[in-house]
Amino acid sequence: MRDYNMNDFAYGALHDDDDDGVPSSKAATNSIQKVSMLPLVFLIFYEVSGGPFGAEGSVNAAGPLLALLGFVIFPFVWCIPEALITAEMSTMFPINGGFVVWVSSALGPFWGFQVGWMKWLCGVIDNALYPVLFLDYLKSAIPALATGLPRVASILILTLLLTYLNYRGLTIVGWTAVFMGVFSMLPFAVMSLVSIPQLEPSRWLVMDLGNVNWNLYLNTLFWNLNYWDSVSTLAGEVANPKQTLPKALSYGVIFVALANFLPLLSGTGAIPLNRELWTDGYLAEVALAIGGGWLRLWVQAAAATSNMGMFLAEMSSDSFQLLGMAELGMLPEMFAKRSRYGTPLLGILFSASGVLLLSGLSFQEIVAAENLLYCGGMILELIAFVRMRIKHPAALRPYKIPVGTVGSILICVPPIVLICFVVVLSTLKVALVSFVMVIFGFLMKPCLNHIDRKRWVKFSVSSDLAEFQNENLDCEESLLR
């Protein structure tokens, strides 16, 4: 796995794919239906947020005013910059692997592998949350799901069913996400309307700066409003990605922001404040107080549906990321093999196994560990974005953020400041666990290089990726003449 950059596409020898190796991306996907605009918007919605489920912790940590302000300000500090960078880089590299390709192009394959390792871990950790949230919302209606064997069995069955659905194809997952998303958000639209006569605006202004859990507050906002770059890992599966991805990301930002803000606005304004009660699952009780038992049941069903949608979307991104890394020669070529439905079989199995291993952790432990790892990966992505602007300013960018080099640096400042706050406020336990995981990635890369050199396992690079890279080079050279 040799180094590559924009002038030399070669992580390693381009092995002949005519034997039993991995078929090229075009050959593997010619007969597979691509993901269109509407399913892509809902896949982004579920990869990022999936609705206000889990946002309750912001009220618990900081009270109504800071919680509401957080969901207004945070999109400008984080969501919009990350979505813009994702749109530019995904259209520049519209192939599976996403941010792994960006970072590798700008900083080399070692750091490309590291961002892939950290983001894949984040995705698996994130997916381990959804069975936990699913059961947290249902345990008030079905107390047996709170602990013990029924809870373990429920997690296992849910994981297996959703993994099978992911195996059946990305277009199925996309349209399933559309129906799940509509069903999940409808009760909150109803709750917002029903709550209007009960609203007391003074409740929104409650704030106690001396009693704010900043770590919980930032982690909750960060978890509910990040992962915009996840869609890039399956860019090769999108119909007309150079036009579809930027539009889908812009619609997604609006959808996600409203889906989190409006339920908290109605919930904190319509019922008396008790911050201690605002933990994951509490929105169902808010619905009970506002609309009655029927609305609580609807919110509980919506929460369960939303968590299934997030699981499906996240597993799709994670598994196609592994497929993209295998096509780049970073992982053994077995990870690039597809099922007859066009899905990365081994990637799905690895992601599902990680979910089952981590699903026993608590909600807050999972969120904190995942956010810290995500920060490390995002730093690399932001550096790669700026470096590509400086190093290859004339390279083909079907969508380009309308700013120059200085502007591209300034766009990265707010996310970096936020990342610093998240890192500084993390606990020692979470920091140590995250550090060990990062070190493991540092050791894994040279080990994989050694395995490749010894030919113990076959690595290969898709010829389509080489062709794609040459197209970018040709375009840049013509612009420079």
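**Notebook: pocket, salt bridges, surface patch and backbone**

I began with the second largest pocket, which is lined by 20 residues. Trp117, Trp120, Leu322, Phe350 and Met444 are the lining residues that lie nearest its centre. I then looked up the elements that give two or more residues to this lining, and they are helix 5 (109-138), helix 11 (293-327), helix 12 (345-358) and helix 15. The model I am reading is a predicted one.

**Entry 1, continued: the pocket**

I recorded a volume of about 330 Å³ for the second largest pocket. Which helix gives the most to its lining? I found that helix 5 does, with 7 residues. I also sorted the lining by class and noted 17 nonpolar residues, 3 polar residues and no charged residues.

**Entry 2: salt bridges**

I looked up the salt bridges next, and the structure holds 7 of them. I followed three pairs in turn.

The pair I took up to begin with was Glu88 and Arg397, whose closest N and O atoms are 3.1 Å apart. I located Glu88 in helix 3 (residues 56-92) and Arg397 in the loop between helix 13 (363-391) and helix 14, so this salt bridge ties together parts that are 309 residues apart in sequence. I asked whether Glu88 and Arg397 are buried or exposed. Both residues are buried. I noted further that Glu88 and Arg397 belong, together with Arg389, to a network of salt bridges.

I turned to Asp229, which forms a salt bridge with Lys119; here the closest N and O atoms are 2.3 Å apart. This pair, too, links distant parts of the chain, with Asp229 in the loop between helix 8 and helix 9 and Lys119 in helix 5, 110 residues apart. I found Asp229 to be buried, and Lys119 as well.

I then examined the salt bridge of Glu237 with Arg338, in which the closest N and O atoms are 3.0 Å apart. Glu237 lies in the loop between helix 8 and helix 9, and Arg338 in the loop between helix 11 and helix 12, so the pair ties together parts that are 101 residues apart in sequence. I checked the cover of each partner against the limit for buried residues, which is under 20% relative accessible area. Glu237 has 4% relative accessibility and therefore counts as buried. Arg338 has 18% and so counts as buried.

**Entry 3: the nonpolar surface patch**

I looked for nonpolar side chains on the surface and found a patch of about 1000 Å². Its residues are Met207, Leu209, Trp214, Val406, Ile409, Leu410, Val413, Val417, Phe421, Val424 and Leu425. Which element gives the largest share of the nonpolar patch? I traced that share to helix 14 (residues 405-424), from which 7 residues come.

I looked at Leu425 separately, and placed this residue in the loop between helix 14 and helix 15 (428-454). Leu425 counts as partly exposed because its relative accessibility is 31%.

**Entry 4: positive phi values**

I turned to the backbone with a general point in mind: most residues other than glycine have a negative phi. I looked up two residues with a positive value.

Asn240, a residue other than glycine, has a phi near 45 degrees. I found Asn240 in the loop between helix 8 (214-225) and helix 9 (241-270). With 43% relative accessibility, Asn240 counts as partly exposed.

Arg455 is not a glycine either, and its phi is positive, at about 60 degrees. I placed Arg455 in the loop between helix 15 and helix 16 (463-480). Is Arg455 buried or exposed? At 55% relative accessibility, Arg455 counts as exposed.

**Entry 5: helix 9 and Phe71**

I finished with two residues of helix 9, Ala257 and Leu258, and their separation from Phe71. I noted that Ala257 and Phe71 are 186 residues apart in sequence, while their C-alpha atoms are 6.8 Å apart in space. For Leu258 and Phe71, 187 residues apart along the chain, I recorded a C-alpha separation of 8.8 Å.

I then compared the cover of the two helix residues. Ala257 is buried, with a relative accessible area of 19%, whereas Leu258 is partly exposed, with 45%.

How values were computed. Residues numbered from 1 in each chain as written. Predicted model: local features only at pLDDT ≥ 70, side-chain atom pairs only at ≥ 80, totals over all residues. Heavy atoms only, no water. Patch = residues over 30% accessible without salt bridge, like charges linked within 9 Å, V, L, I, M, F, W, Y side chains within 5 Å. Areas by Shrake-Rupley, 256 points an atom, 1.4 Å probe, with all protein chains shown as cover. Salt bridge = Lys/Arg side-chain N within 4 Å of Asp/Glu carboxyl O. Helix = DSSP H or I, 4+ residues; strand = E, 2+ residues; numbered from the N terminus. Buried < 20%, exposed > 50% of the residue type's maximum accessible area, 1.4 Å probe, protein only. 1 Å grid on protein atoms, 1.4 Å probe; cavity = no way out; pocket = protein on both sides within 12 Å on 5 of 7 lines; lining within 4 Å. Points joined across faces, edges and corners; volume = space filled by probe spheres on them. Nonpolar A, V, L, I, M, F, W, Y, C, P; charged D, E, K, R; others polar.
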